[in-house]
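Student: I'd like to go through this one by asking where each label comes from. Can we start once the structure is up?

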Amino acid sequence: MNRSATHLVTEFVLLGFPGCWEIQIFLFSLFLVIYVLTLLGNGAIICAVRWDPRLHTPMYFLLGNFAFLEIWYVSSTVPNMLTNILSKTKAISFSGCFLQFYFFFSLGTTECLFLAIMAYDRYLAICHPLHYPTIMTGKFCGLLVSLCWIIGFLGYPIPIFFISQLPFCASNIIDHFLCDMDPLMALSCAPAPITEFIFYTQSSLVLFFTIMYILRSYTLLLRAVFQVPSAASRRKAFSTCGSHLAVVSLFYGTVMVMYVSPTYGIPTLMQKILTLVYSVMTPLFNPLIYSLRNKDMKLALRNVLFRMRISQNS
């Protein structure tokens, strides 16, 4: 089909969350505060890992890179959402919509891979402590982080390119606050079952293999923790692993409802809320979860705040 003859849509309209102007102002203020807190929280973790020598370990190196990823992940959706809330047209360009679509899924895939290698790090540290320093070297950690970014961003260009080539000649209204797979496919004039199947298969495989690896790692890890004779060592291990499991549960719980289970019976508003949880709320909660349950991180964050106060007073 000739795209020039059928591709009549030059922009999309993101409806976002319904409500009167007062509700829109409230939502704008709420999401702006969440966005700023997310940037500050994850930025503080990056500074703490960089400046505190005690945090120059593989676990905190991965955590610092994960915080950097979260800043980009939340920035792929929230700034445009804030702009649309105040906009009268609520329009996003055709290319802008598919760029957001690409970055949103690429960063989400990268996050799944990051959570998997963080589980691998904890598994090695607790189950193989003698081999841990020789395996998790700085070079190997850098390689793992690089692979997460490369795989995450190389997985979606081709399927998203084919989706962008579909004829969008009907309505251009997307009842969502971001450009997502289901709303875009609903606007296409021609069915593309193969492209849709490849996209969802790829997303499901990433989710399935990463969550299965994480669960396997923690099953072996918990078995090893229960064999530790020292109660203090067990508490420390549970504290460190509990933070990671809390993040995994929050992220995967909502993502799998959206992209693995059928979404046809889920109301549109509920789909928006679920997407909001894993794309906006999870990056906000991550620094809180990791810092509140970790004494070293809390001490490092205090040092960061102390440095900032000194620099302001000088």
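Student: What percentage of the residues of the chain count as buried?

Tutor: Of the 314 residues, 48% count as buried. Buried means under 20% relative accessible area, exposed means over 50%, and partly exposed is in between, with a 1.4 Å probe and protein chains only. Bear in mind that this is a predicted model: local features need pLDDT of at least 70, side-chain atom pairs count only at pLDDT 80 or more, and totals for chains, interfaces and linings use all residues. Residues are numbered from 1 along each chain as its sequence is written, and side-chain values use heavy atoms, with hydrogens and water left out.

Student: How many helices and strands does the chain have?

Tutor: The chain has 13 helices and 3 strands. Those are DSSP runs numbered from the N terminus: H or I over at least four residues for helices, E over at least two for strands.

Student: Why are α2 and α3 called roughly antiparallel?

Tutor: Helix α2 (residues 21-51) and helix α3 (residues 58-75) pack at about 155 degrees, with axes 9 Å apart. The axes are lines fitted to C-alpha atoms, for helices over the stretch in contact, and angles run from 0 to 180 degrees between N-to-C directions. Under 35 degrees is roughly parallel, over 145 roughly antiparallel, 65 to 115 roughly perpendicular, and the rest oblique. The α2 and α3 pair is therefore roughly antiparallel.

Student: Which hand does the crossing of α2 and α3 have?

Tutor: Left-handed. That label applies if the near helix is turned anticlockwise from the far one by less than a right angle; clockwise would be right-handed.

Student: Which residues meet there, and how do they divide into nonpolar, polar and charged?

Tutor: Contact means heavy atoms within 4.5 Å. On the α2 side, Y35, L39, I46 and V49 are among them, and the α3 side includes F61, A67, F68 and I71. The contact residues divide into 12 nonpolar, 5 polar and 1 charged. Ala, Val, Leu, Ile, Met, Phe, Trp, Tyr, Cys and Pro count as nonpolar, Asp, Glu, Lys and Arg as charged, and the others, Gly among them, as polar.

Student: What makes Q24 buried and L30 partly exposed?

Tutor: Q24 sits in α2, and its relative accessible area is 7%, so buried is the word. Beyond neighbours within four places in sequence, Q24 touches F17, P18, G19, I85 and K90. L30 is also in α2, but at 36% L30 is partly exposed. The C-alpha atoms of L30 and L82 are 9.9 Å apart, with their positions 52 residues apart in sequence.

Student: And D296, buried or partly exposed?

Tutor: D296 belongs to helix α13 (residues 295-313), and at 42% relative accessible area D296 is partly exposed. Leaving aside neighbours within four places in sequence, D296 contacts L55 and Y60.

Student: How many aromatic pairs are there, and why is the F104 and F105 pair edge-to-face?

Tutor: There are 30 aromatic pairs. In F104 and F105 the ring centres are 5.7 Å apart and the planes at 90 degrees, so the pair is edge-to-face. Rings of Phe, Tyr and Trp (its six-membered ring) pair if centres lie within 6.5 Å; planes under 30 degrees apart are stacked, over 60 edge-to-face, the rest tilted. F104 is buried at 3%, and F105 is buried at 7%.
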